[in-house]
Amino acid sequence: MTQMEFNKKFDFPTEVVKEGNVSVAVPKLEAYAKGPSEYIPSKAPVFYNPLMKLNRDIAVLALQAYRKMQGKRLSVCEPLTGCGIRGLRFTAEVRGVQKVVLSDIDPEAAQLAHFNAELNKLTRRVLIQNEDANLLLSRYAAPRRRFHFIDVDPFGSPVPYLDAALRALCDGGLLALTATDMAPLCGVHPNACIRKYGGKPLRTEYCHELAIRLLIGCLVMMATKHEIGIKVVFSHSTDHYARVYATAHYGARQADYSVQKMGYILHCFSCFHRETSEGLVPYVKEKCPECGSMLEVAGPLWIGKLSDSGFCSLMEKERGRGQLRYNARILKLLCLIRNESEAPPTYYVVDKVCDKLNLPVPSTTRVVKKLRERGFEGTQTHFNSRGIRTDADAKVVRETIAELTT
Ligand SMILES: C[S@@+](CC[C@H](N)C(=O)[O-])C[C@H]1O[C@@H](n2cnc3c(N)ncnc32)[C@H](O)[C@@H]1O
Ligand SMILES: [Zn+2]
C-alpha cells in the first residue's frame, strides 16, 4: 500500500512504525504537538505512546517466561488496546500464543487495531472488538472461555477493570496491570489513593515502591472476594507508572495465604526508621523506637515479595534467546530486580540521608559494599539509582554513610 492510499484510510495523519516484530500504523504524533512540553499521545485521536516501548518489551518477555513455565498454548486478552501494538506484539513475538482478543471502546482505535492486525497478517489468531473493557471481560468470564493472560493497560488507574479481569482469568492465569496515576499512589493526593486503592499512601523517598504495594494490595483484596489467591511474579516502576505481573490461583486457602501478606509500613520522617506490621488489623506504634518522633503509616498494602527471582531469571533467559536486540537498559533492570527480589521492603536513598546529616554524598556502590563488610545485606534497587535495600536499621545506615564521608 502506498503512503497516499494508507493516509486515505484514516481521518487523521498516520505513519507506520516498527516495534519488536510488528509494523503498525499509529497517529503521526508531531501533528498533535502544541508546545515543547505538551504530552502528545493523549491529544492524538488514537492513543500511542512510543515511550512505553520499554513497558511493552518487558511485557513480551514476561509472557515468554510465563509460556515457558506453562508449556502450553495460551489465550491472551488486551481489553484497552489503543492502536493494538501491544497485543499484536504478543501474537507475533511469543511462541504458543494461539488466540488473542484485542478491544478498545473507541471505534477509531478498534479500526486502527484491525488495520494493524491485517498489516501484520495476524488476523487468523487475532479478534478485534470495539467494546467497553468490563463488558468484554465479562463475556469471557465463564469457565472454558477464560484467558491465560490479560494485560490491563489503561489511562490512570487499572482498578475499575480488576474485578472483571479476575473473573475472566483462568486458574493459574497471569494478569498484568499498569497504573499511571502516580500522584495519588505516591501520596500527592492521599484521599484519591484511599478511595481508589483502599490504602493510605505516604510521600517517602520510597513512594514508588509503596505505589506498587498499594496496587498489589488492592488486587489481593479484590481477588480474595472471589476466593482467588495472588502470587506476584514481577513488578517494576519508573517516574510515571507502576506495573505489576501476578498469577491468580483459585481456592480459599490460596486467598487466605495472600491476605496474610497484607499489612502496614510505618515510617519516621525524622530519622529514616521504618518497619512493617503484618496483618490487616492495624498495629500502629505511635512513637519511633529510634528517636521518639511520631511514626506515619502507609497501608493497608502488600508487604510480600515484589518479584519472584525464578521468574526474573526466566525473563533474563528469554531476553538472551530472542532475535530482538533488547537494549542494555532491560538487562540492567532485570538484573537489579532479581537481586532486590529477596531483600527486605523499603529502601534508603543515600542523597536524602546525606542531606539530612549535612554530609557529602558517597557513591551508592560504596555504601552497599560497606554495609556488606559490616555483615548486613546490601543491594541496589531499580526504583532509584541512589537507593539501597538493606536489613540494617536506620541508625546503622546513617553511621555507615557518615563513616564513608568523614
Ligand atoms: C493507555 S491507552 C492503551 C495503550 C495500549 N495498551 C498500548 O500499549 O499502546 C488506553 C486505551 O483505553 C481505551 N479505553 C478507555 N476507556 C475504555 C473502556 N472503558 N473500555 C475499553 N477501552 C477503553 C482508550 O480509548 C485508549 O485507547
Ligand atoms: Zn525516628
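A residue is near a molecule or strand if one of its heavy atoms lies within 4 Å of it. This is a predicted model, in which local features need pLDDT of at least 70 and side-chain atom pairs count only at pLDDT 80 or more, while totals for chains, interfaces and linings use all residues. Residues are numbered from 1 along each chain as its sequence is written, chains are lettered from A and ligands numbered from 1 in the order in which they are written, and side-chain values use heavy atoms, with hydrogens and water left out.

**The surroundings of ligand 1 take in 19 residues.** Start with E78, D104, D132, A133 and D153, which come nearest to the ligand. E78 has a side-chain N or O atom 2.6 Å from a nitrogen atom of ligand 1. Backbone atoms take part too: a polar one of L80 is 3.2 Å from a ligand nitrogen, and an N or O atom of the I105 backbone also lies 3.2 Å from a nitrogen of ligand 1. Of the 600 Å² of accessible area that ligand 1 has on its own, the protein covers 89%. Such areas come from the Shrake-Rupley method with a 1.4 Å probe, and for residues only the protein chains shown count as cover.

**Seven strands make an open, mixed sheet.** Helices (H or I, at least four residues) and strands (E, at least two) are DSSP runs, numbered from the N terminus. Follow the order β5-β4-β3-β6-β7-β9-β8 across the sheet, and you travel between its edge strands, β5 (126-129) and β8 (228-238), each of which pairs on one side only. Neighbouring strands here are turned by 15° against each other on average, direction ignored. Two strands pair if DSSP finds at least two bridges between them. Strands of a sheet pair through backbone hydrogen bonds, either parallel or antiparallel.

**Strand β4 sits between β5 and β3 in the sheet order.** On one side, β4 (residues 97-103) pairs with β5 in the parallel sense over four bridges, and S103 has Q129 of β5 as its bridge partner. On the other, five bridges join β4 to the parallel strand β3 (residues 74-78), where C77 stands opposite V101 of β4. Five of the seven residues of β4 are buried, so the strand is mostly covered; buried means under 20% relative accessible area, exposed over 50%, and partly exposed in between (1.4 Å probe, protein chains only).

**V126 belongs to edge strand β5.** This residue counts as buried because its relative accessibility is 8%. Contact means heavy atoms within 4.5 Å, and beyond residues up to four places away in sequence, V126 touches L88, T91, V100, L102 and A117. The C-alpha atoms of V126 and L102 are separated by 7.2 Å, although these residues are 24 apart along the chain.

**Helix α9 lies across strands of two sheets.** In the view of the seven-stranded sheet, α9 (residues 207-224) crosses β7 (169-179), β8 and β9 (241-250), at about 160° to β8. The helix also lies across β10 and β12, running at about 45° to β12. Axes are lines fitted to C-alpha atoms, for helices over the stretch in contact, and angles run from 0 to 180 degrees between N-to-C directions. The second sheet is open, with antiparallel pairing in the order β11-β10-β12. Its edges are β11 (274-278) and β12 (296-302). Five bridges hold the antiparallel pair of β10 (residues 262-267) and β12, including one between G263 and L301.

**Helix α6 has several covered residues.** In α6 (residues 159-167), look for the buried V159, Y161, L162, A164, A165 and L166. Their cover includes α5 (133-139), β6 (147-152), β7, α8 (190-197), α9 and β8.

**T390 and T400 are both buried threonines.** T390, in strand β15 (residues 384-390), has a relative accessible area of 6%. Its side chain has a polar atom 2.7 Å from the backbone oxygen of E377 and one 3.0 Å from the backbone nitrogen of A392. T400, in helix α15 (residues 394-405), has a relative accessible area of 0%. The side chains of T400 and R374 make a polar contact of 2.9 Å. A polar contact is a pair of N or O atoms within 3.5 Å; within protein, one must be able to donate a hydrogen and the other to accept it, and residues adjacent in sequence count only if both atoms are side-chain atoms. Outside the four places on either side in sequence, L371 is among the contacts of T390 and also among those of T400.
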